[in-house]
Amino acid sequence: MRIHLAALGCRLNEAELQGWARQLKMAGHLVVADARDADVCVINSCAVTAGASSKSRQLARRLHRLNPQAQLAMSGCDASLHPQQAAQLPGVRWVLPNSQKDQLITRLLHDLQPDC
């Protein structure tokens, strides 16, 4: 599976992306720099200001426009504070609040396993 990772906001969000990238690579998946090449796009969102929340949702819409076939996962502060808005964005399949960030990779890989 090809996965694109994007973060807005704090250094913690960037550090989490690096950890997720390591986990994905260890599981045999490819982390891609361009969302157009991805099967899944993960957004680690920010909500420190109303503008940051807006940018998080704009990023989700932009990634969906670039690659409408990709499924989106929203995590981070904006996903925690506005889960219903995040879930209604086009292409969003998963919304994981901060309390569930540690389960993100497990959920993605479990949900995307081909049925036997």
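Helices (H or I, at least four residues) and strands (E, at least two) are taken here as DSSP runs, counted from the N terminus. With that settled, here are the views of this predicted model.

**Figure 1. Overview of the chain, with its five helices and five strands.** Read from the N terminus, the elements come in the order β-α-β-β-α-β-α-α-β-α. The radius of gyration is 13 Å, close to the 13 Å that the globule rule gives for 116 residues, so the chain is as compact as a globular protein of that length. Along the principal axes, the C-alpha trace spans about 40 × 25 × 25 Å. Buried residues make up 43% of the 116. If you like contact statistics, take the contacts between residues at least 6 apart in sequence: 62% of them join residues at least 24 apart.

**Figure 2. Surface and charges of the chain.** About 6400 Å² is exposed, and carbon and sulfur atoms supply 51% of that area. The side chains include 13 positive and 9 negative ones, and the centres of these two sets lie 7 Å apart.

**Figure 3. The loop around Ser 99, between strand 5 (92–96) and helix 5 (104–111).** Is Ser 99 buried or exposed? Its relative accessible area is 61%, and exposed means over 50%, so Ser 99 counts as exposed. A handy partner to label in this view is Ser 80, 19 residues away in sequence from Ser 99. The C-alpha atoms of the two serines are 8.2 Å apart in space.

**Figure 4. Arg 57 and its surroundings in helix 2 (residues 50–66).** Charged as it is, does Arg 57 end up buried or exposed, and on what value? At 17% relative accessibility, it falls under the 20% limit and therefore counts as buried. Its side chain makes a polar contact with the side chain of Asp 78, at 3.1 Å. Leaving aside neighbours within four places in sequence, Arg 57 touches Asp 78, His 82, Gln 85 and Leu 89.

**Figure 5. Leu 24, a buried residue of helix 1 (residues 11–26).** The relative accessibility of Leu 24 is 0%, so this leucine counts as buried. Beyond its neighbours within four places in sequence, Leu 24 is in contact with Ile 3, Leu 5, His 29, Val 31, Ile 105 and Leu 109. Thr 106 is worth labelling too: 82 residues separate Leu 24 from Thr 106 in sequence, while their C-alpha atoms are 9.7 Å apart in space.

**Figure 6. His 29, in the loop between helix 1 and strand 2 (30–32).** Which backbone atom does the side chain of His 29 reach? The atom is the backbone nitrogen of Met 1, at 3.2 Å. With neighbours within four places in sequence set aside, the contacts of His 29 are Met 1, Leu 24 and Leu 109. Leu 24 and Leu 109 also touch each other, which links this view to the previous one.

**Figure 7. Leu 17, another residue of helix 1.** Leu 17 has a relative accessible area of 9% and is therefore buried. Its contacts, apart from neighbours within four places in sequence, are Leu 5, Ala 6, Ala 7 and Asn 44. Leu 5 appears in the contact list of Leu 24 as well. For a sense of scale, Leu 17 and Gly 51 are 34 residues apart in sequence and 21 Å apart in space, C-alpha to C-alpha.

Note on methods:
Residues numbered from 1 in each chain as written. Predicted model: local features only at pLDDT ≥ 70, side-chain atom pairs only at ≥ 80, totals over all residues. Heavy atoms only, no water. Rg over C-alpha atoms; globule rule 2.2 N^0.38 Å. Buried < 20%, exposed > 50% of the residue type's maximum accessible area, 1.4 Å probe, protein only. Contact = heavy atoms within 4.5 Å. Areas by Shrake-Rupley, 256 points an atom, 1.4 Å probe, with all protein chains shown as cover. Lys, Arg positive; Asp, Glu negative; His and termini not counted. Charge placed at Lys NZ, Arg CZ, Asp CG, Glu CD. Polar contact = N/O pair within 3.5 Å; in protein donor to acceptor, adjacent residues only side chain to side chain.
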